[in-house]
Amino acid sequence: PLTVDNVLTVGQVYYVMVAFTNNADGTFDICINNPPPAPNDACITATPITNLNNACIASNNDWPATDVLTPGCFTGSTYNVWFSFVAEGVSLDVNIPAGGPGVAQLAVVDFVTNCDATGAVILGCATGTNHIVLDNDLIIGQTYYVVVGFQNTAFPNTGTGDFDLCIDNPEPAPNDECDDAIVIPNNVLNHPTTCFPTIAGN
């Protein structure tokens, strides 16, 4: 069979020419497989992640291509799919658990201009089931991107398929900043056995 991998442009017209030796004539079948890529194949169509509370989302990297940039830890294949999220906290834990279509590789990207490699910073990069852990590195309200690929991804069926992406971006405690300090009331200060309730957050 004739196989071309990541060389066509979506929306462009292509032609297939068929000929037989000795100019033989007769009927024949022609079979073609031109599957559409995952909807988040391009950075500009990144899938937004809205649940950042230690959640896993199901996705796939069906027939991806390469665009924008290739993180340094990506080896064996540069094909990828994209996700985005608006930071709710300053820290992050993201990983791909076991069970995907191969050896996972993922990175967290901070773009100066969305989906433009110029000035982009790779905040973290990991392979396999390893976690990317960022501690106090994010800015609340800013958009970040997660790019995912699998080693040895190739058309028609190597390294493509379903996977889970798990992400945790906890919100900080309401008194995380000094300006938001919680005043401890006098009834607690003046009573040795009265405890002030704990405040959750990161």
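# Exercises on cysteines and a surface patch

Cysteine 178 is exposed, with a relative accessible area of 69%. The model behind these exercises is predicted.

**Exercise 1.** Decide whether cysteine 31 and cysteine 166 are buried or exposed.

*Solution.*
- Step 1. Recall the cut-offs: buried is under 20% relative accessible area, and exposed is over 50%.
- Step 2. Cysteine 31 has a relative accessible area of 74%, so it is exposed.
- Step 3. Cysteine 166 has 10% relative accessibility, so it counts as buried.

**Exercise 2.** Find how many disulfides there are, and give the pairing of the bonded cysteines in sequence order.

*Solution.*
- Step 1. Look for cysteine sulfur atoms within 2.5 Å of each other.
- Step 2. Cysteine 43 pairs with cysteine 115, S to S 2.1 Å.
- Step 3. Cysteine 56 pairs with cysteine 166, with the sulfur atoms 1.9 Å apart.
- Step 4. Cysteine 73 pairs with cysteine 125, again with sulfur atoms 1.9 Å apart.
- Step 5. The count comes to 3 disulfides.
- Step 6. Number the bonded cysteines along the chain, and the pairing reads 1-4, 2-6, 3-5.

**Exercise 3.** Describe the link between cysteine 43 and cysteine 115: its handedness, and where its two ends lie.

*Solution.*
- Step 1. The torsion about the S-S bond is about -80°, so this disulfide is left-handed.
- Step 2. Cysteine 43 sits in the segment before strand 1, while cysteine 115 sits in the loop between strand 5 (104-110) and strand 6 (121-127). These distant parts of the chain are 72 residues apart.
- Step 3. Both cysteine 43 and cysteine 115 are buried.

**Exercise 4.** Do the same for the link of cysteine 56 and cysteine 166.

*Solution.*
- Step 1. The S-S torsion is 105°, and the link is right-handed.
- Step 2. Cysteine 56 belongs to strand 2 (residues 55-60) and cysteine 166 to strand 9 (residues 162-168). They are 110 residues apart.

**Exercise 5.** Now take cysteine 73 and cysteine 125.

*Solution.*
- Step 1. A torsion of about -75° about the S-S bond makes the disulfide left-handed.
- Step 2. Cysteine 73 lies in the loop between strand 2 and strand 3 (81-86), and cysteine 125 lies in strand 6. So the pair ties together parts that are 52 residues apart in sequence.
- Step 3. Cysteine 125 has 31% relative accessibility, so it counts as partly exposed.

**Exercise 6.** Which residues make the nonpolar surface patch of about 620 Å²?

*Solution.*
- Step 1. The patch is made by Val16, Val18, Phe20, Phe28, Ile30 and Ile32.
- Step 2. Locate isoleucine 30: the segment before strand 1 (47-48).
- Step 3. Isoleucine 30 has a relative accessible area of 53%, so it is exposed.

How values were computed. Residues are numbered from 1 along each chain as its sequence is written. This is a predicted model: local features need pLDDT of at least 70, side-chain atom pairs count only at pLDDT 80 or more; totals for chains, interfaces and linings use all residues. Side-chain values use heavy atoms; hydrogens and water are left out. Patches are made of residues with over 30% relative accessible area and no salt bridge: like charges are joined within 9 Å, nonpolar side chains (Val, Leu, Ile, Met, Phe, Trp, Tyr) within 5 Å. Accessible areas come from the Shrake-Rupley method with a 1.4 Å probe; for residues, only the protein chains shown count as cover. A salt bridge is a side-chain nitrogen of Lys or Arg within 4 Å of a carboxyl oxygen of Asp or Glu. Helices (H or I, at least four residues) and strands (E, at least two) are DSSP runs, numbered from the N terminus. Buried means under 20% relative accessible area, exposed over 50%, partly exposed in between (1.4 Å probe, protein chains only).
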